[in-house]
There are 2 protein chains.
Amino acid sequence: MRERPSRTSSYSIDIVLMTAMGNELAILLTRGSAERERWALPWRAPQTGETLGAASIRAAEDALGEPPIWAEQLGAFGDAKRHPSEAEISVGFVGLVPHQTASPNPGYTWFPMRDLPPLSPRQRAIVEAATRTIQSRLDQAPIAFRLLPPTFTLSELQQMYELLLGKRLHKASFRRALQGAWLVEPTDEWRSEGRGRPAQLFRYAPKKRRRPHRGVRFDFLYP
Amino acid sequence: MRERPSRTSSYSIDIVLMTAMGNELAILLTRGSAERERWALPWRAPQTGETLGAASIRAAEDALGEPPIWAEQLGAFGDAKRHPSEAEISVGFVGLVPHQTASPNPGYTWFPMRDLPPLSPRQRAIVEAATRTIQSRLDQAPIAFRLLPPTFTLSELQQMYELLLGKRLHKASFRRALQGAWLVEPTDEWRSEGRGRPAQLFRYAPKKRRRPHRGVRFDFLYP
DNA sequence: TGACTTTAGTCGCAAAAGGTGACTAATTCG
DNA sequence: CGAATTAGTCACCTTTTGCGACTAAAGTCA
């Protein structure tokens with residue numbers, strides 16, 4: 001079902017497709033028939049006339065039938081040798097998919113990040129880069145919002161941030177920061193989730209605001 | 001189909017070598033003899049058994065005779081078509097070189113960033129990525145310190161930050177942040193630079209400290 | 001010499017941002 | 001009804017940050 005890369009190109013495009021499954025992050029893996037029963041990231045050989053970004057989206061579409069809601073290149077990975085495609089290097093991408101719409105095509109399976117099967121060293125490096133990149137982009141791009149349905153409660157949003165960051169956040173601080181950023185607006189709907197007070201639903205609706213004007217920071221520990 | 005010279009790989013490794021020349025940032029360009037008199041970033045074809053990072057360092061050594069003091073991968077660039085190597089994609093790197101030691105080999109020339117000759121679209125994208133990456137790493141890695149001699153005045157350090165960030169900084173705030181970060185220690189030397197009070201010399205000497213524990217931020221403007 | 005200029009280095013205030021516990025509100029469960 | 005549970009807000013305090021104004025030590029020049 002997948003071709004080996006032609007001899008003219010010696011690189012592959014690999015994508016880490018991430019979604020939030022319940023309380024855990026999960027990524028999509030595949031086990032191609034001819035690939036020695038090892039799980040691998042969805043990948044694709046470059047096609048002429050196709051940009052790298054387009055190729056990563058195509059790889060996602062092959063796996064899920066739809067493009068990711070956000071994607072970014074992670075870089076080129078080549079230092080570890082073994083890769084399913086036997087390409088010399090791989091250009092890695094991360095893509096995010098809301099879980100509601102995330103039913104994989106045959107041959108692809110979601111794996112929780114906490115419990116991944118063995119991957120090639122190179123693909124493991126790509127997955128680690130994906131996690132780091134997501135976390136560092138979290139305050140620069142509305143990533144978390146796009147993993148949620150169009151309307152959501154603030155608790156759901158906070159849980160998504162906690163999931164992606166891998167740490168707990170204080171409720172009041174989270175909401176105050178969100179308030180100050182003018183990123184969400186309330187709807188007039190409320191949702192009762194079993195026990196407890198019903199929560200108001202919000203939607204992502206960013207308002208223009210001036211860019212925070214900060215000086216320098218020295219946020220590194222040593223060399 | 002167009003016939004291409006046979007090569008084992010269809011990607012190149014390109015490096016943006018940056019230095020501080022007086023009051024300006026400069027990058028190193030070369031004009032290979034057979035390359036239609038266009039200036040280009042130093043680049044290199046991958047060699048078997050050589051990692052990407054090692055290849056970028058070798059490219060720098062070919063250009064300057066010494067390795068950069070710091071380097072980082074920028075990613076893979078392939079969307080713009082024209083590239084001196086005619087490689088399908090290029091893996092871009094940034095490297096920093098202190099200007100004291102930065103005498104280029106024949107064929108290589110420093111160009112101030114403000115006044116670059118025309119480059120291929122792809123290499124222009126790599127240069128822009130280099131600038132962005134430097135600026136975002138500035139508070140995460142001791143980049144600016146390594147562009148300075150082993151001992152330096154705090155004004156020189158601030159000027160280096162201003163040069164790399166492309167904006168002015170407030171003196172008192174800069175020094176306070178630096179103080180709090182335990183990154184420099186004073187020497188007992190002072191330097192008199194023409195008129196004005198002599199400045200104390202400092203050296204980079206980071207002390208261990210606990211990582212700042214911050215919550216979330218929403219630092220993006222819109223989508 | 002003494003006023004003026006220039007660069008270095010520091011202080012302290014006011015405002016903004018951030019951490020956190022405790023409070024009120026609305027619902028379900030038994 | 002009262003306890004439990006989840007949502008939402010407040011108030012207080014600490015830390016961080018922007019910034020103007022100050023002191024210090026040199027050179028310049030009349």
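Reader: Which elements each supply at least two residues of the surface near DNA strand C?

Author: Terms come first. Helices (H or I, at least four residues) and strands (E, at least two) are DSSP runs, numbered from the N terminus. A residue is near a molecule or strand if its C-beta atom, placed from the backbone, lies within 6 Å of it. Now the case. Chain A supplies helix 5. Chain B supplies helix 4 (154-165), helix 5 and strand 9 (199-204). Each of these gives at least two residues.

Reader: What kind of model is this, and how are residues and chains labelled?

Author: This is a predicted model, in which local features need pLDDT of at least 70, side-chain atom pairs count only at pLDDT 80 or more, and totals for chains, interfaces and linings use all residues. Residues are numbered from 1 along each chain as its sequence is written, while chains are lettered from A and ligands numbered from 1 in the order in which they are written.

Reader: Which residues come nearest to DNA strand C?

Author: Arg197(A), Ser155(B), Ala172(B), Gly196(B) and Gly215(B) come nearest, out of 27 around the strand.

Reader: How do the residues of that surface divide by character?

Author: Ala, Val, Leu, Ile, Met, Phe, Trp, Tyr, Cys and Pro count as nonpolar; Asp, Glu, Lys and Arg as charged; the others, Gly among them, as polar. Near DNA strand C there are seven nonpolar, eleven polar and nine charged residues.

Reader: Which residues are closest to DNA strand D?

Author: Ala172(A), Gly196(A), Ala199(A), Gly215(A) and Arg197(B) are the closest of 27. Chain A gives two or more residues from each of helix 4 (154-165), helix 5 (171-181) and strand 9 (199-204). Helix 5 (171-181) of chain B does so too. That helix of chain B gives the largest share, four residues. The surface near DNA strand D divides into six nonpolar, eleven polar and ten charged residues.

Reader: What rotation superposes chain A on chain B?

Author: Two copies of a chain are related by a rotation about an axis and a shift along it. Copies are superposed by least squares on the C-alpha atoms of residues with pLDDT of at least 70 in both. Here the rotation is 180 degrees, the shift along the axis 0.0 Å and the RMSD 0.1 Å. The two copies are therefore related as by a two-fold rotation axis. In chain A, Gly75(A) has the C-alpha nearest that axis, 1.9 Å away.

Reader: How many residues of the two chains are in contact?

Author: Two residues are in contact if their C-beta atoms, placed from the backbone, lie within 7 Å. By that test, 42 residues of chain A touch 41 of chain B. On the chain A side, strand 4 (70-77), strand 5 (89-96) and helix 5 give two or more residues. Helix 5 has the largest share there, five residues. The chain A side divides into 23 nonpolar, eleven polar and eight charged residues.

Reader: Where is Trp182(A), and what is its phi?

Author: Most residues other than glycine have a negative phi. Trp182(A) has a positive phi, near 50 degrees. Its place is the loop between helix 5 and strand 8 (184-191) of chain A.

Reader: Is Trp182(A) buried, exposed or partly exposed?

Author: Count other C-beta atoms within 10 Å of the residue's own, all placed from the backbone: 20 or more is buried, 12 or fewer exposed, in between partly exposed. Trp182(A) has 15, so this residue is partly exposed. Trp182(B) has a positive phi of about 55 degrees. Trp182(B) is also partly exposed, with 15 such atoms.
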